[in-house]
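Happy to walk through this one with you. Have a look at the model first, and then we can take it question by question.

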Amino acid sequence: MVLKIFFPQCCNRAESGLLVGRWISGHDSAVVLAVIHYPFIPGQVKQYIQQMQAQSGVELTVLGSWSLPKEGQESMESFLRDLSTIFPQQRWLQVSRQMGKMGFICEVVNRNQTALAPPILLTKKQNEEEEEKVIFVHYEQRKVMLSQLHPTESGDPDPNTEPSSELKQVFQTVARSQPLFFLDRYDDGPLKSTHWQSEGREASIIVELLKQASVPLCMLISWLLALWTWISVSSVSCRIFSLYPLRFLSSKLSTCVQISYRTEHMRTLSSPKPAAGHKQFMRKGNILVSFLVDVGLGILLMSWLYRDDHIATLANMLMPAADHVAKELEELLQWLMGAPAGLKMNRALDQVLGRFFLYHIHLWISYIHLMSPFIEGILWYGGLSVCLGLTFALSLLSDMVALLTFHIYCFYVYGARLYCLKIYGLSSLWRLFRGKKWNVLRQRVDSCSYDVDQLFIGTLLFTILLFLLPTTALYYLVFTLLRLVVVLFQGILHLSVDFINSFPLFAMGLRIFRPYRLAEGVKFQVLCDEPGTALHLLMEINPLKCSTVVQTYRTPTYSCYPRDSWAALVKKLFVGELIYPWRHKSTKAD
């Protein structure tokens with residue numbers, strides 16, 4: 001039989017006393033949490049352990065005695081050995097440290113036997129079948145207490161739902177025993193103990209003072225978050241926006257979607273309820289850090305915009321840029337109305353489509369010149385909203401691009417509808433030649449017989465649509481490419497917003513600066529494996545991989561990724577159906 005004792009490194013040189021910890025049920029293992037030093041009264045120790053059990057919910061007990069040999073303390077070792085009759089434990093560990101050596105001497109008293117078991121000095125035994133081997137697993141108590149054990153990639157169950165593993169129970173025992181570590185940090189308790197905080201009590205006092213000083217700052221941040229939430233809710237949930245046209249328009253604008261998304265985040269942060277678990281705590285931390293980084297980047301952008309009058313420069317550049325785009329589009333249409341790339345087009349349809357689109361460009365440029373006196377004011381007041389965050393500025397830029405390129409969107413819709421009408425007309429007439437028809441009720445192709453007149457009219461229409469298709473397809477191809485350029489730029493903006501909103505900055509910061517906080521498992525290193533001594537292992541924490549951190553703690557967002565596959569998008573482009581690659585969904589995606 002092998003007895004595993006998880007021993008904290010901070011107790012290796014502790015003064016003689018009692019070992020306080022827990023026996024792991026279902027496993028022949030014990031977790032040592034602290035050492036209570038002499039002098040003490042056994043009744044006070046029992047009361048202290050009962051108080052710790054009530055606060056932590058862990059079945060704490062006195063595991064045995066710990067002895068650090070010193071001159072003149074022979075009577076103390078006998079006193080600690082006699083305590084095994086006072087504390088009714090099934091097993092009593094008598095661990096003592098060898099002077100100048102790493103190995104411990106462990107004596108196990110088994111109450112199930114009629115007499116005390118002989119001391120198991122971790123040396124060679126004559127009968128290995130009756131020998132109870134002891135393995136000391138040294139661990140760093142603070143890291144184990146603060147770490148969160150995650151399931152490995154092999155598919156182990158969640159440590160929070162199935163604590164059947166020995167390692168998981170060790171982590172949970174140390175993590176839930178925080179009252180045992182924090183009760184006597186100022187040496188004001190009736191008992192003196194050694195644990196991970198014993199060597200850093202001065203630092204603990206400084207940390208406590210910093211916590212007290214951070215209370216007003218936290219209250220200020222909470223007040224600002226509540227104010228931001230109230231402003232957002234009052235602006236988004238106004239009765240005016242409940243009307244159908246404005247409600248439909250606000251659902252299509254990226255700025256309104258981002259405001260509603262941040263409002264939900266602020267409600268989560270300003271909630272007085274504490275985090276229900278580790279996942280909820282990490283989600284709140286990621287949201288808070290993402291919000292602070294977002295606002296910080298927005299303030300930097302706003303300071304750049306209002307320094308050296310950059311807004312006026314942008315407003316003055318907007319009109320020449322619009323005129324240049326309009327001129328390029330006019331030249332493109334003039335090229336299409338001629339003989340593009342040497343192709344012979346249907347001249348009548350070519351002239352009609354070209355003049356139709358030229359008229360739309362003329363209307364749009366007239367509208368831009370009409371709005372030119374107000375553009376600088378719109379940019380100036382719109383720049384003030386950048387203080388809400390960089391994501392708000394990117395969403396506002398996406399909406400401005402959508403409004404400034406609305407004529408390109410109109411060209412794409414006109415060309416796509418006309419092209420789609422001809423494609424579906426040709427496919428329907430092609431079924432007519434084969435004696436088929438589309439059954440609307442059953443959504444399938446059925447056989448059908450046609451007379452001569454129907455076949456003649458179908459042939460005539462098929463010929464007309466077929467010869468007009470190249471001209472329509474050329475206009476559709478050109479304006480689809482222009483639309484895709486605009487959509488690509490908007491997609492980059494939306495992906496940037498989605499990255500800032502969903503990237504787990506808090507979790508990634510823990511992974512980089514405190515890798516033990518997010519544990520994927522442990523590894524053991526042999527410290528002492530000499531003949532005649534116990535096996536001493538050092539338990540080290542394996543940090544979680546960065547890719548797993550991003551995948552596990554990524555904040556759910558309103559996804560702006562394509563809803564269809566690339567094959568479906570290509571098919572829609574080929575048949576002329578309208579596509580919205582980066583349209584926001586109404587549901588969240590991970």
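**Salt bridges, cores and a bent helix**

Q: At 30% relative accessibility, does K143 count as buried or partly exposed?
A: This is a predicted model, and the value is computed from its atoms. Buried would require under 20% relative accessible area. K143 has 30% relative accessibility, so it counts as partly exposed.

Q: Which side chain meets K143 in a salt bridge?
A: The contact runs from N to O at 3.6 Å, and the cut-off for a salt bridge is 4 Å. The partner of K143 is partly exposed, with a relative accessible area of 37%. That partner is E140.

Q: How many salt bridges does a search of the whole structure find?
A: The pair of K143 and E140 is a salt bridge, and R444 forms one with D446. Searching the whole structure gives a total of six.

Q: How many residues apart are D294 and R262?
A: The side chains of D294 and R262 meet in a salt bridge, 3.2 Å from N to O. D294 sits in helix 9 (residues 278-305) and R262 in helix 8 (residues 254-269), so the pair links distant parts of the chain. Their separation is 32 residues.

Q: Is D294 buried or exposed?
A: Its salt-bridge partner R262 is buried, with a relative accessible area of 2%. The relative accessibility of D294 is 0%, so D294 counts as buried.

Q: In the salt bridge of R444 and D446, what is the distance between the closest N and O atoms?
A: R444 is partly exposed, with a relative accessible area of 39%. D446 counts as buried at 19% relative accessibility, because the limit is under 20%. The closest N and O atoms of the two are 3.0 Å apart.

Q: Which strand gives the largest nonpolar core its largest share of residues?
A: The largest nonpolar core has 59 residues, and those with the most contacts inside it are I5, F7, V45, W66 and F136. The largest share of this core is seven residues, and they come from strand 3 (residues 29-37).

Q: How many residues does the other core, with L336 and L349 among them, have?
A: This core lies apart from the largest one. Its members include F357 and V401 as well as L336 and L349. It has 20 residues.

Q: What does helix 14 span between its end C-alpha atoms?
A: Helix 14 covers residues 452-502, and a straight helix of 51 residues would span 75 Å at 1.5 Å a residue. There is a kink of about 40° at L469 in helix 14, shortly before the proline P470. The span between the end C-alpha atoms is only 63 Å.

Q: Which residue has a backbone oxygen that the side chain of S177 reaches at 2.5 Å?
A: S177 lies in the loop between helix 4 (166-176) and helix 5 (178-182). S177 is buried, with a relative accessible area of 1%. Leaving out residues up to four places away in sequence, S177 touches L33, S56, V58 and L60. The backbone oxygen that its side chain reaches belongs to T173.

Q: What distance separates the C-alpha atoms of S270 and K284?
A: S270 is found in the loop between helix 8 and helix 9, and at 34% relative accessibility it counts as partly exposed. K284 is 14 residues from S270 along the chain. Their C-alpha atoms are separated by 10.0 Å.

Note on methods. Residues are numbered from 1 along each chain as its sequence is written. This is a predicted model: local features need pLDDT of at least 70, side-chain atom pairs count only at pLDDT 80 or more; totals for chains, interfaces and linings use all residues. Side-chain values use heavy atoms; hydrogens and water are left out. Buried means under 20% relative accessible area, exposed over 50%, partly exposed in between (1.4 Å probe, protein chains only). Helices (H or I, at least four residues) and strands (E, at least two) are DSSP runs, numbered from the N terminus. A nonpolar core is a set of buried Ala, Val, Leu, Ile, Met, Phe, Trp, Tyr and Cys residues joined through side-chain atoms within 4.5 Å. The expected span of a helix is 1.5 Å times one less than its number of residues. The bend at a residue is the angle between axes fitted to the seven residues ending there and the seven starting there. A polar contact is a pair of N or O atoms within 3.5 Å; within protein, one must be able to donate a hydrogen and the other to accept it, and residues adjacent in sequence count only if both atoms are side-chain atoms. Contact means heavy atoms within 4.5 Å.
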